[in-house]
Structures are given as structure tokens and as C-alpha cells.
Amino acid sequence: MAKLSFSGHETFSCKIYWLKKGYDFVRAGKSFTDDDAVVDLGVGKNMVTSIRFWLKAFGIIDETDQTTEFANFIFGDNGVDSYLEDPLTLWLLHYQLLKNEKASIYSLVFNTFRRERSEFNRAHLKRFILRVCAENEQNFSPKTIDSDIKVFLSNYLSQEGSDIEEASSNVLQELGLLSSSKQLDEDDNLVDVFRFQLLAKRIPLQAILFVILDSDLGTSISLGHLANNPNALGNVFLLTESTLVDILKTLPSTYSTFSETAGNQVLQLRADLDKYRILHNYYTPEHANN
């Protein structure tokens, strides 16, 4: 496991417009440490730090504050979805968040915790994270973990009591990966309970293909690897094996074939597939045959 990382977001969840704003800021040759960064970005000093953190967490910039291939594809001069208007882009951002592991809670929750609990409250998640930290001989304060849990939930769920703009502006809420309700806990206290949504989702096939190709599992991939490997399809998109089989069978034959022989379920990819070409053809269908 990579070294665990918590905090850095300054207690702010990622606003949907921050990624484009931060990308343009970096491409303009500006630095987050400049005195006028608060003016250029139009936010407070702590939010400047938070924007930089989220750009790294979502793979928009690297550790040297340079924009990535993924970021240039989405937000560049010829970017395919600069203002995050297409749900496909949000699915890709969710994947990037897990893959980059700049914010460990996302990878831990979707790869491991969700297999232990289909529903949970904040206390359950906190105990899990502190246990993982102890197992890896890394220490983080409970207050830091509390803050990460709050921000994690805010990124995927609208928060009660927020104004309309605040409640709808966090970046991954539209995906519907989590739901929440109120329940009594073991001490008869009314608490928020959260559930992973395992029902079939409208995930574009191009997002499925991008994750498969980006995972670098080769051209012949077992269902078990696709369902269970860290940051692979099953974990990233909360897909059961049966749902995953149904999806893989719908992939066009121009991309792959899915076979079930003697109990072995295997996806066979065409060898010359390019993940960014597949995305480009989705966003700009008039160029799909180019």
C-alpha cells in the first residue's frame, strides 16, 4: 500500500468550477505561492491551498504543478469538456481520485471499506480508517480523520442545511454512488447512515473502456481481475460481478469480446485500442471515424 495521506483540503470539498479555474491558473504560468494568487483565483488563502490540493488529487496537475495529459484533454484549448457538463467526465474524475491516491480515503473506501459494510455511519468509517493506519504503522489524529470523512461525504452528497448553490456545487454528487438517511444507532442516537448504491448505473461504455485500458491489465483480462483488483472496474464503479458481466457483454465487438468457457470468464481486448481516442470519439462523434 502507498503511504497514506489525509488532510490537505483545508476542510473544503471540491467545487465543480475549481478544477477549470485552477487549470487555467496553472496554464497561465502562475504559482499558488504567489502573493496575488488569492486575487487571481478569487478565493481566500485557505481555498487557494485547497484548490491546489484538489488539482493534484484529481490528477489535473502533477507534483511539480504541471498539467497532466488527462487535464489537457479535458480542459485544454481544445478540451472536450472544460466546464464538466458531461456525466462521463465526472465518472473519469471519480476514477482519477481513486487512482492517484493523493487523498487516501477515496481509495480505501471504494476498494476495501465498502466490501466490509454496505451501509455505515461516520463512526464506522472512522474506526476503519484508524485501524488501517495502525496496521500500516502510520499515525493521524482523530480530528484529521473526522475532517477527511466530512469532506469525503460532501463530495458525493448534498449536505442538509447548505444553501442551494453550496448544496449542488460539489463535484461528484451527480454520480449517485452514495445515499443517506437518518437512523438510530446502538445508543439510540439519531445519526446519518450512508449506503453504497450498487444498483445498475448509467455509466458510459467509454468510461468502462478507459478504466480497463488505463489499468494496464493486458489484452486478455479475467473477470476476477476486473471486479476485484485495486482501482479496477468493480471497485471504482461499485459493480457486482453479475452487473459487470452484463456490461462487458454490451461492449462493441470493435473493441472487445467477452467469453465464458469452462467457468473462465475473460475479456479479450483488441490490441490497438487507445483510451484517449475512444474518449475523443465520444465527445466529438463527428470525428469518430478519423
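**Helices and a sheet in a predicted model**

Me: What span should helix 7 (residues 122-135) have at 1.5 Å a residue, and how far apart are its end C-alpha atoms?
Reply: Helices (H or I, at least four residues) and strands (E, at least two) are DSSP runs, numbered from the N terminus. The expected span is 1.5 Å times one less than the number of residues. For the 14 residues of helix 7 this gives 20 Å, and the distance between the end C-alpha atoms agrees, at 20 Å.

Me: On what basis are such values given?
Reply: The model is predicted, so local features need pLDDT of at least 70 and side-chain atom pairs count only at pLDDT 80 or more, while totals for chains, interfaces and linings use all residues. Residues are numbered from 1 along each chain as its sequence is written, and side-chain values use heavy atoms, leaving out hydrogens and water.

Me: Which residue caps the N-terminal end of helix 7?
Reply: The cap is a polar contact, a pair of N or O atoms within 3.5 Å; within protein, one must be able to donate a hydrogen and the other to accept it, and residues adjacent in sequence count only if both atoms are side-chain atoms. Here a side-chain oxygen lies 3.0 Å from the backbone nitrogen of Ala123, and the capping residue is Asn121.

Me: How many of the 14 residues of helix 5 are buried?
Reply: Buried means under 20% relative accessible area, exposed over 50%, and partly exposed in between (1.4 Å probe, protein chains only). Among the buried residues of helix 5 (residues 87-100) are Trp91, His94 and Tyr95. Helix 5 is largely enclosed by the rest of the structure, because the number of its residues that are buried is 11.

Me: Is Tyr83 buried or exposed?
Reply: Tyr83 is found in the loop between helix 4 (69-75) and helix 5. With 60% relative accessibility, Tyr83 counts as exposed.

Me: Which strands stand at the edges of the open sheet?
Reply: Two strands pair if DSSP finds at least two bridges between them. The sheet has 3 strands in the order 1-3-2, with antiparallel pairing. One side of each edge strand is left without a neighbour in the sheet, because each has a single partner strand; these are strand 1 (119-120) and strand 2.

Me: What is the bridge partner of Gln183 in strand 3?
Reply: Strand 2 (residues 178-184) and strand 3 (residues 190-196) pair in the antiparallel sense over 7 bridges. Ser181 stands opposite Val193, and the partner of Gln183 is Val191.
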